[in-house]
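Subject: Structure handover

Hello,

Here is the structure I said I would pass on. Please look it over; my notes on what was found follow below.

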Amino acid sequence: MTTVARAPQTGPDARPAVEDSTVWISWPNEAECERFARQLAGLLRPALAAGDSIVIELRGTLGAGKTTFTRHLLRALGVQGRIKSPSYAVVEPHEAEGLSMWHFDFYRFNDPQEWEDAGFRDLFASPGLKLVEWPDHAAGLLPPADLALHLAPQGEHERHVSARAGTAQGRDCLTRLHDAGWGPMQAPAHASAEVAP
């Protein structure tokens, strides 16, 4: 198993972090991305229904597929209708089957005071799923991510993904994904610095 140390979270809303575990995944096409999203949704649904807060960071370059993956995951969790990118709004809320979900895009975020003014502290402290694109732009304000997915494009359709756990809940989820056949828990030969945890 590949593990790396995680810097402790020091913010006021910090949750206990764990030593990370990483699963290395390849999506040869969008259909595999969707299949992974459905599998992950099935693992997340019981915890979300029980009132847990789950944070998933989505990392990668522009066009890596972060929003595409998010749409598949939200659909798998029951979200109907149009799923807009929060690029300009910073956050888009969603409700489905009694579950609360928020999709954040911090690409244009540059003022920590916005965090307080927009009520993001309360959102991240509340039950539900938080999907966060460009989390580095809100560094020091976010709680530790349960899961961090780093997507690296390989040509037009394929994506190499490192899925890293940052909490005990995330590690349990990764173990279940690994047991279901999603990737090894050590870096494959094709892994590059782009998908390093």
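In what follows, two residues are in contact, or touch, when they have heavy atoms within 4.5 Å. By that rule His-103, leaving out residues up to four places away in sequence, touches Thr-67, Thr-70, Lys-84, Pro-86, Val-90, Val-91, Glu-92, His-94, Leu-131 and Glu-133. Please keep in mind throughout that this is a predicted model.

Overall layout

The protein has 5 helices and 7 strands. Read from the N terminus, its elements run β-α-β-α-β-β-α-α-β-β-β-α. Of its 197 residues, 46% are buried. Among contacts with a separation of 6 or more, 67% are between residues 24 or more positions apart. The protein exposes about 9,200 Å², and carbon and sulfur atoms supply 50% of that area.

His-103 and Thr-70

His-103 sits in strand E4, residues 99-105. Is it buried or exposed? His-103 counts as buried, because its relative accessibility is 1% and the cut-off for buried is under 20%. Its side chain makes a polar contact with the side chain of Glu-133, at 2.7 Å.

One of the residues that His-103 touches is Thr-70, which is placed in helix H2. With a relative accessible area of 0%, Thr-70 is buried. Not counting residues up to four places away in sequence, Thr-70 touches Leu-58, His-103, Leu-131 and Glu-133. Glu-133 is thus listed for Thr-70 as well as for His-103.

H2 covers residues 66-76, and its buried residues are Lys-66, Thr-67, Phe-69, Thr-70, His-72, Leu-73 and Leu-74. Just after H2 comes Gly-78, with a positive phi of about 100°.

The nonpolar cores

The largest nonpolar core has 36 residues, and the members that touch the most others are Leu-40, Ile-56, Phe-69, Leu-73 and Leu-129. Helix H1, residues 30-49, gives the largest share of this core, with 8 residues. There is also a second, separate core of 14 residues, including Val-55, Phe-106, Phe-124 and Ala-138.

Phe-69 is a buried residue of H2. Apart from neighbours within four places in sequence, Phe-69 is in contact with Trp-27, Cys-33, Phe-36, Ala-37, Leu-40, Leu-58 and Leu-149.

Helix H1

Which residues of H1 are buried? They are Cys-33, Phe-36, Ala-37, Leu-40, Ala-41, Leu-44, Ala-47 and Leu-48. An α-helix has 3.6 residues a turn, so residues three or four places apart point the same way. Cys-33, Phe-36, Ala-37 and Leu-40 are among the buried residues of H1, and these four are also contacts of Phe-69.

At its N-terminal end H1 is capped by Asn-29, with a side-chain oxygen 3.2 Å from the backbone nitrogen of Ala-31. The length of H1 is as expected: at 1.5 Å a residue its 20 residues should span 28 Å, and the end C-alpha atoms are 28 Å apart. H1 has a kink of about 30° at Leu-43, shortly before the proline Pro-46. Gly-51 follows H1 and has a positive phi, near 95°.

Helix H5 and the segment after it

Cys-173 lies in helix H5 and is buried, with a relative accessible area of 7%. Leaving out residues up to four places away in sequence, Cys-173 touches Leu-40, Leu-43, Leu-44 and Leu-147. The C-alpha atoms of Cys-173 and Leu-40 are separated by 8.0 Å, although the two residues are 133 residues apart along the chain. Leu-43, one of those contacts, is where H1 has its kink.

Ala-180 is in the segment after H5, which covers 168-179. How far from Gln-39 does its C-alpha atom lie? The separation is 8.8 Å, with the two positions 141 residues apart along the chain counted as their distance apart. Ala-180 is partly exposed, at a relative accessible area of 40%.

Two loop residues with positive phi

Glu-97 is not a glycine, yet its phi is positive, about 50°. Glu-97 is in the loop between strand E3 (91-96) and E4, and is exposed, with a relative accessible area of 59%. Trp-134, also a residue other than glycine, has a positive phi near 55°. Trp-134 is found in the loop between strand E5 (128-133) and strand E6 (147-154).

Regards

Technical notes:
Residues are numbered from 1 along each chain as its sequence is written. This is a predicted model: local features need pLDDT of at least 70, side-chain atom pairs count only at pLDDT 80 or more; totals for chains, interfaces and linings use all residues. Side-chain values use heavy atoms; hydrogens and water are left out. A nonpolar core is a set of buried Ala, Val, Leu, Ile, Met, Phe, Trp, Tyr and Cys residues joined through side-chain atoms within 4.5 Å. Buried means under 20% relative accessible area, exposed over 50%, partly exposed in between (1.4 Å probe, protein chains only). Helices (H or I, at least four residues) and strands (E, at least two) are DSSP runs, numbered from the N terminus. The expected span of a helix is 1.5 Å times one less than its number of residues. The bend at a residue is the angle between axes fitted to the seven residues ending there and the seven starting there. A polar contact is a pair of N or O atoms within 3.5 Å; within protein, one must be able to donate a hydrogen and the other to accept it, and residues adjacent in sequence count only if both atoms are side-chain atoms. Accessible areas come from the Shrake-Rupley method with a 1.4 Å probe; for residues, only the protein chains shown count as cover.
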